[in-house]
Amino acid sequence: MSAGGGGNDVQWCFSQVKGAIDDDVAEADIISTVEFNHSGELLATGDKGGRVVIFQQETENKSQPQCRSEYNVYSTFQSHEPEFDYLKSLEIEEKINKIRWLPQKNAAQFLLSTNDKTIKLWKISERDKRPEGYNLKEEDGRYRDAATITTLRVPVFRPMDLMVEASPRRVFVNGHTYHINSISVNSDNETYLSADDLRINLWHLEITDRSFNVVDIKPANMEELTEVITAAEFHPHQCNTFVYSSSKGTIRLCDMRASALCDKHSKLFEEPEDPSNRSFFSEIISSISDVKFSHNGRYMMTRDYLSVKIWDLNMENRPVETYQVHEYLRSKLCSLYENDCIFDKFECCWNGNDSVVMTGSYNNFFRMLDRSQRRDVTLEASRESCKARQVLKPRRVCAGGKRKKDEISVDSLDFNKKILHTAWHPQENIIAVATTNNLYIFQEKVN
Amino acid sequence: MINTMECAVDAQSLISISLRKIHNSRTQRGGIKLHKNLLVSYVLRNARQVYMNEKYAEIYRMQQYEEVMTVCNEIQELNPLDLVEDCEEQTGDCCGSANESASLCGALLPVSHQVPSVHHIQPSSACSVPLALQSEEVCKSPDPSFYRSCCAEPYPVSNCDFSPVNNMHCNKTTVLDLDTHVVTTVENGYLHQDCCASLQQCYQGAQSPAKKRKLDFGYYVSEIEEVPDFTPCKRAKFEDSSYACTEPLDTSNISNLISIFGSGFTGLVSRQADLEQALNGQFCSKQALASLGAWTRAIVAF
């Protein structure tokens, strides 16, 4: 298996697709988050209906190396239910905003899932044997009449069909007044942070009845509000460091050793706005929708509406790399504002060795941006290219002028088909791409 | 699909669209999204600034043209020696007459003596010229119902003085703090500051912004231009706001916020004329421009 490098000499081919085929999408089935666990063996998705579905990679069939291992459903459970806040007369959506896996410590797997208000720690464990031969109980659980017992035996474990159980071990409530947009597990494996529009809280995984507020950007007078927190993440190795992005296009790095309240940032990453690009929508398109540290912890990536930026943690005044995701949309911002697409929050992800980054776009397109070779490619997740091991063909969008063969014009793009959530296997070239209600899994072509 | 024709990027339609989004967000599942509404309020501000700049530039151009024509006509008729006497008499009385000599008077008097002062954007020496016409507009006694529409105050109107003599522009906004559940009513202050701040390059002199705003609408209302097609949902909004205004305004947080939005539309109700026109987005957005500061603050107050 390759170490997850090279976006463009890699050829991607279709592996699997999960989800309903019909075009009539039930709202509850809309995928809202996708996340591989630390080994890549498990792939979790959350949807708008509050469900979590976990897929497990089958152990590889050594006799058929070209048949790459597949992901099959491992566990499905209802994580969150809709709630009603009677005090504020507000309904709380059950939609899963984020899933984050904990590093595995024992046989069981743990993940955090969150909706707008409540975070839950789930334990996913396997049961493949059960005890049999109790003396005082029948097999169905009824108690035996003690008078009928004449002999004693030792109960034994007998194999049974594998059962995967998900149970909520912790429920972290009442930590947030505003809508939670991020959760991030600390490298210390004991704490995690959760961020809403105005505050970031630090929790201990064992303690549910209190949390520490580490960032609070709520102004004394709400009329003075100018920005909100859009995403937050812990540094992958430094347990005292985290970053949070804002709707104004800035990223703040905070060091929890400096003070208990990290309202004052240690570093502020901001690129000055290009005045020639100023428009009615400048504030919207500069709002950062996702921030992700690289695996090596030296860089971070941010996604705003039109671009992906790579920042060196040691340089605050500008990103080291900027990639245009779909620059052809810049002239369409007004229409995208009218149909609300301009508010779409695209995520981004790194590959295993930080050489390639990936993010989604419209028309079920997604983009692979190779940092080392400075090349990019646009691919499509569609039912048309769903034959086993079919290689994905690069797609091209024609911004204007004469449309070449095989190009698609901007006005033909389907803005209802958007890829907001993508995930990359931590070690291999396997990617999971979520369209509205389908999950596509692509793998590197093996010759 | 995106329309192949570029959608109207004019400020006015953007304002209408933005207001509609804010209104719709009230009924969305999951509660009001602070982030989205904040971004929409930025678009509102940008659109308003452009709209105001365009309008003032237009006023200036038009008035400059008219003044030039008027002056030319006057020069042809009047004896130059009579001009100075006329002006001295009419210095304190430019409000009274709407005749041509007043406008000439305005043209000759220095800027600081002018009564109202919506100043143009370009600081050219001809700035005194358009002011005379504006002074006439301002000095007209304003329609009280007109003020009510400008004021972003929860219904019913209580202690706000709308008289032009008083010249106070009373503004109240109700803010709900989601953390402490405290409802705060903020009076005065920020609304007119907000208006001033964005247009301070335009304004000179210590002119009450209430008058300026009055001027805007006094001038604009008479000139409804071509109307952008507004979606049918506007009618529903009108009905909704009528309903909202009848809700009790005590401690109920949401009803206060609704009333903030409702009061902007109440202004449409109180205008006896043009109720039909009130339902059209163009008119509504013009009305809303006056209270835009309150709107954006109210939005952000969630």
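A:Arg199 is buried, at 14% relative accessibility. In this predicted model, the side chain of A:Arg199 meets that of A:Asp216 in a salt bridge, with 3.0 Å from N to O. The pair links distant parts of the chain, for A:Arg199 belongs to strand E14 (residues 199-204) of chain A and A:Asp216 to strand E15 (residues 207-216) of chain A, 17 residues apart. A:Asp216 counts as partly exposed, at 24% relative accessibility.

**Salt bridges**

Over all chains, the structure holds 35 salt bridges. Three of them are set out below, each with its N to O distance.

| Positive residue | Negative residue | Distance, N to O |
|---|---|---|
| A:Arg199 | A:Asp216 | 3.0 Å |
| A:Arg51 | A:Asp47 | 2.7 Å |
| B:Arg29 | A:Glu91 | 3.1 Å |

In the pair formed by A:Arg51 and A:Asp47, A:Arg51 is partly exposed, with 30% relative accessibility. A:Asp47, by contrast, is buried, at 6% relative accessibility. Salt bridges that share partners also bring in A:Asp29, so that A:Asp29, A:Asp47 and A:Arg51 are joined into one network.

The salt bridge between B:Arg29 and A:Glu91 has its closest N and O atoms 3.1 Å apart. This pair joins two chains, because B:Arg29 lies in the loop between helix H1 (11-25) and helix H2 (34-77) of chain B, while A:Glu91 is in strand E7 (residues 90-92) of chain A. B:Arg29 is partly exposed, with a relative accessible area of 35%, and A:Glu91 is likewise partly exposed, at 29% relative accessibility.

**A buried lysine without a salt bridge**

A:Lys117 is found in the loop between strand E9 (109-114) and strand E10 (119-132) of chain A. A:Lys117 is buried yet has no salt bridge. The nearest side chain of opposite charge is that of A:Asp85, 6.0 Å away. This separation exceeds the 4 Å limit for a salt bridge. A polar atom of the A:Lys117 side chain does, however, lie 2.4 Å from the backbone oxygen of A:Thr177.

**A loop glutamate**

A:Glu270 is placed in the loop between strand E19 (267-269) and helix H1 (282-286) of chain A. With a relative accessible area of 39%, A:Glu270 is partly exposed. A:Glu270 and A:Glu316 are 46 residues apart in sequence, while their C-alpha atoms are 6.4 Å apart in space.

**The second largest pocket**

The second largest pocket has a volume of about 830 Å³. Its lining consists of 31 residues, and those nearest the centre of the pocket are A:Glu35, A:His38, A:Arg100, A:Glu233 and A:His295. Strands of chain A give two or more residues each to this lining: E2 (31-36), E8 (98-101), E12 (182-185), E16 (229-234), E20 (290-293), E24 (348-350) and E30 (421-424). The largest share, four residues, comes from E2(A). By class, the lining of the second largest pocket comprises 13 nonpolar, twelve polar and six charged residues.

Key:
Residues numbered from 1 in each chain as written. Chains lettered and ligands numbered in written order. Predicted model: local features only at pLDDT ≥ 70, side-chain atom pairs only at ≥ 80, totals over all residues. Heavy atoms only, no water. 1 Å grid on protein atoms, 1.4 Å probe; cavity = no way out; pocket = protein on both sides within 12 Å on 5 of 7 lines; lining within 4 Å. Points joined across faces, edges and corners; volume = space filled by probe spheres on them. Nonpolar A, V, L, I, M, F, W, Y, C, P; charged D, E, K, R; others polar. Buried < 20%, exposed > 50% of the residue type's maximum accessible area, 1.4 Å probe, protein only. Lys, Arg positive; Asp, Glu negative; His and termini not counted. Polar contact = N/O pair within 3.5 Å; in protein donor to acceptor, adjacent residues only side chain to side chain.
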